[in-house]
Amino acid sequence: MNDKKIVAVLCDHGCRNGSKIKYDELKTNLKKSEVIEDFLLVNKACDSGVEFLDAYKGRKILFGGCSLLEERGIYSKIKERLGLKNGEFRSFDVKADLYDLYPDKVNLEELLVCKILSMGTLLYHAEPYEEERIKPAEGILVYGDGITALRTARALAEEDISVEVLETGEQFLSPGLFSQHFGRPDQRGLSSVVSADERRKSERNRVAGFKNVRFLPSDAFLSFETVEDGFVFTFKSGEKRKFGTVVIAPEREEEQSRETGALNLTDLYRKIVCGEPLKGEVVFLLDYAADTSPEVFKDVLLAGKYIKRRFASEVRILMKNAKVSVSGAQELYDECREQGIIFFKYLEDLTLKNNYGDFEIEGTDLYTGDKFLIKEPDILVIPGRSILSPRSKNFAEALELLTISDRYPQPDSLWRLPNETNRPGVFVAYPTGDNSIASLLFSVRARLSTAGIAVNEHIPVVDEDKCVYCLTCVRVCPFKAMTTDSESRVAKVLRTVCQGCGSCAAECPAEAIQLRNLTGESLYQGIRALG
């Protein structure tokens, strides 16, 4: 195959109003390239067949489309119809890489030319290769035995997947979990609070009924290591067991309120669960120390609704940036207003005075422009930042997961995603309901599919004759994908962990590592393509 014969195919994204691409201008600029032989613009590629490419058998194909084309299997159909091997076809997402990144750009043609030429150069230098797939081990370890961990374990067990649950014994009434501690409304219309421990015991009994679930004590493991198809955990007894996937349901704690005399949500939860009376004026101050995440806002609405009904208290909720973006939160918000809970959306000028627990809150209402003053509320609740419990933090560090300020790297705004971490094969389960667990289950299933895990195209190749066993690559790899073969004393790559970032090749003092299908020129062009 002549590497220079690359055909660039571009969907015109006719589904986007006002996004028509100037075909003639693109073609004129691309003709100057020695990499691109021909250029095709396709109207709504997602609705087109792939027969129009039959004339280009024997060429490498670069396709600029969107995620929908991949979801519908159009890229796979093209490769199959034209008999393309790996290294002979490449695609990129025009919508995500251009339209979404540069919504205000008028001249998209210039950006597209740069993208096509850069990606075309990568394809130009690529050599065909046989696809590698590695089947991970079947076993799944669920870390934690809280409500979320147990519900996740049950969902996996119902799919006939073998699950082992590592019990941690830590139970926190942390932000984002409050809704799980409320029962259904009783006959009087009042929410009945159910002990978190009772809910946990009930769920544990359900999970224990599955034959393919095994519970492990918190101190069962001595150590673990990452291997090609998963993780090997060593028991204190000396036994070793392999898991292809680890699901973490992290226990989270809430930082204490910075204001003496004020409660955080966790303090409030304990008072409710213990049945303490919460009478008088109760004020929730949101977005004061940190932005309020959607699930915490939902917790505040639930708590305010319960306190208002149960104790007929005066409840006020002050918020600046809190958004109603969690399923069911809008309905809760409307119910709270109907029950007489007063909401203030305040401006930046809010001040909080604290005289040994006697608070005075003054600010400006965003909607009315009027000043408001709340003097000496009986209870002031200021939600704090949610952080990992010490045990969860230690386990995350042992798994070499990226944590930022005692939190996992996924921001709260991404709570609906499966939350795969920076370590492939490790997932984080958050307490956000059935949809989140279903999404995580889908991701785990995809990992355990018979097809296995595709090895990255740009996998490092170690020249054993040049390797001096200095372990520089092991130290610099951000994904901990480089390990060693102690017998032959050479560096070794864990292919399912490697993300093809090139750090090992760039830092190797002996120049013993090269990335498959990436020469110096194509690596430079790849960096250009990212820009």
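Which loop holds Glu 376? The views below take up this residue and several others in a predicted model.

**Figure 1. Glu 376 sits in the loop between S21 and strand S22 (379-381).** Its backbone stands out. Glu 376 is not a glycine, yet its phi is positive, at about 50°. Most residues other than glycine have a negative phi. The side of solvent is also covered here: Glu 376 has 52% relative accessibility and counts as exposed, because the cut-off for exposed is over 50%.

**Figure 2. Glu 511 is a residue other than glycine with a positive phi.** The value is near 50°. Glu 511 is placed in the loop between helix H14 (503-507) and strand S29 (513-515). Its relative accessibility is 62%, so Glu 511 counts as exposed.

**Figure 3. Leu 347, Leu 366 and Tyr 367 make a nonpolar surface patch.** The patch covers about 320 Å². Tyr 367 belongs to the loop between strand S20 (358-364) and strand S21 (371-375). With a relative accessible area of 67%, Tyr 367 is exposed. Strand S21 also borders the loop of Glu 376.

**Figure 4. Confidence varies among the elements of the protein.** Strand S16 (residues 281-285) has the highest mean pLDDT, 97. Strand S8 (residues 182-185) has the lowest, 43. Residues 183-193 have pLDDT below 50. Beyond near neighbours in sequence, this stretch still shows 16 contacts in the model. A further stretch below 50 covers residues 412-416. There the model has 13 contacts beyond near neighbours in sequence. For the protein as a whole, the mean pLDDT is 83. A value of 70 or more is reached by 86% of its residues.

**Figure 5. The whole protein holds 15 helices and 29 strands.** The protein has 531 residues, and 50% of them count as buried. Its accessible surface is about 26,100 Å². Carbon and sulfur atoms account for 47% of that surface. Contacts often span the sequence. Among those between residues at least 6 apart, 68% join residues at least 24 apart.

Notes. Residues are numbered from 1 along each chain as its sequence is written. This is a predicted model: local features need pLDDT of at least 70, side-chain atom pairs count only at pLDDT 80 or more; totals for chains, interfaces and linings use all residues. Side-chain values use heavy atoms; hydrogens and water are left out. Helices (H or I, at least four residues) and strands (E, at least two) are DSSP runs, numbered from the N terminus. Buried means under 20% relative accessible area, exposed over 50%, partly exposed in between (1.4 Å probe, protein chains only). Contact means heavy atoms within 4.5 Å. Accessible areas come from the Shrake-Rupley method with a 1.4 Å probe; for residues, only the protein chains shown count as cover. Patches are made of residues with over 30% relative accessible area and no salt bridge: like charges are joined within 9 Å, nonpolar side chains (Val, Leu, Ile, Met, Phe, Trp, Tyr) within 5 Å. A salt bridge is a side-chain nitrogen of Lys or Arg within 4 Å of a carboxyl oxygen of Asp or Glu. pLDDT is the predictor's confidence in each residue, from 0 to 100.
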